[in-house]
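Could you walk me through this structure in the viewer, one selection at a time? I would like to know what to pick next and what is there.

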Amino acid sequence: DQLDTIGEVLADHDGPIIFSGDLNTWNGARSRALDAMTSQLGLTPVSFEPDHRTRRFGRALDYVFVRGLEVRDSRTVEVETSDHNPLIMTLAIADT
């Protein structure tokens, strides 16, 4: 239900989008719902190298999706101060 609500808001937005968070995709149904919504909206997942995102049952929980932006750099950093590691990116407005 929350993804549907977010999807409706993002669908009405014409400019660049950064959609991110702890999306709790720890099972297949949740992952499929997220994939369907982001695909429909033309959002591209940001990949990380190194990738130290928090995982449950082998699945990443934290994501960043973009539209209308170029990913110039992306990485994660391991920390002990949180159960989620920071996701660090350098983004630029994409040439259209």
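## A first stop at Arg75

Select Arg75, which counts as partly exposed at 35% relative accessibility; buried means under 20% relative accessible area, exposed over 50%, and partly exposed in between, with a 1.4 Å probe and protein chains only. This is a predicted model, in which local features need pLDDT of at least 70, side-chain atom pairs count only at pLDDT 80 or more, and totals for chains, interfaces and linings use all residues. Residues are numbered from 1 along each chain as its sequence is written, and side-chain values use heavy atoms, with hydrogens and water left out.

Arg75 belongs to strand 6 (residues 69–76). Helices (H or I, at least four residues) and strands (E, at least two) are DSSP runs, numbered from the N terminus. Now show what surrounds Arg75: leaving aside neighbours within four places in sequence, Arg75 is in contact with Phe48, Glu49, Pro50, Pro86, Leu87 and Ile88, where contact means heavy atoms within 4.5 Å. Add Asp51 too: Arg75 and Asp51 are 24 residues apart in sequence, yet 6.5 Å apart in space, C-alpha to C-alpha.

## The loop with Pro50 and Arg53

Move to Pro50, in the loop between strand 2 and strand 3. Look at the peptide bond from Glu49 to Pro50, which is cis, with omega near 0°.

Next, pick Arg53, found in the loop between strand 2 (44–45) and strand 3 (55–56). Is Arg53 buried or exposed? Arg53 is buried, with a relative accessible area of 14%. Turn on its polar contacts (pairs of N or O atoms within 3.5 Å; within protein, one must be able to donate a hydrogen and the other to accept it, and residues adjacent in sequence count only if both atoms are side-chain atoms). The side chains of Arg53 and Asp51 are joined by a polar contact of 3.0 Å. The Arg53 side chain also reaches the backbone oxygen of Asp62, at 3.1 Å. Not counting residues up to four places away in sequence, Arg53 touches Phe48, Ala60, Asp62, Tyr63, Thr76 and Leu87.

## Strand 5 and its sheet

From Asp62, widen the selection to strand 5, where 6 of its 6 residues are buried. In a regular strand the side chains alternate between the two faces of the sheet. Here both faces are covered: Asp62, Val64 and Val66 lie on one side, and Tyr63, Phe65 and Arg67 on the other.

Which order do the strands of the open sheet have? The order of its 3 strands is 1-5-2, with antiparallel pairing; two strands pair if DSSP finds at least two bridges between them. Strand 1 and strand 2 are the edge strands, each pairing on one side only. Strand 1 is joined to strand 5 by 6 bridges, and strand 2 to strand 5 by 2 bridges. On the strand 2 side, click Pro45, opposite Phe65 in strand 5, and Thr44, opposite Val66.

On strand 1, choose Ser20, which stands opposite Val64 in strand 5. Ser20 counts as partly exposed at 43% relative accessibility. Beyond neighbours within four places in sequence, Ser20 is in contact with Tyr63 and Val64.

## The nonpolar cores

Show Leu10, Ile17, Phe19, Leu34, Met37, Leu41, Leu43, Ala60, Tyr63 and Phe65 together: these 10 residues make up the largest nonpolar core. Strand 1 (17–22), helix 2 (28–40) and strand 5 (62–67) each supply at least two residues of this core. A second, separate core of 5 residues includes Phe48, Val64, Val66 and Leu69. A nonpolar core is a set of buried Ala, Val, Leu, Ile, Met, Phe, Trp, Tyr and Cys residues joined through side-chain atoms within 4.5 Å.

## Two positive phi values

Select Asn24, in the loop between strand 1 and helix 2. Asn24 has a positive phi of about 50° although it is not a glycine, and Asn24 is partly exposed, with a relative accessible area of 31%.

Finish at Phe57, in the loop between strand 3 and strand 4 (59–60). The phi of Phe57 is near 55°, a positive value in a residue other than glycine. At 71% relative accessibility, Phe57 counts as exposed.
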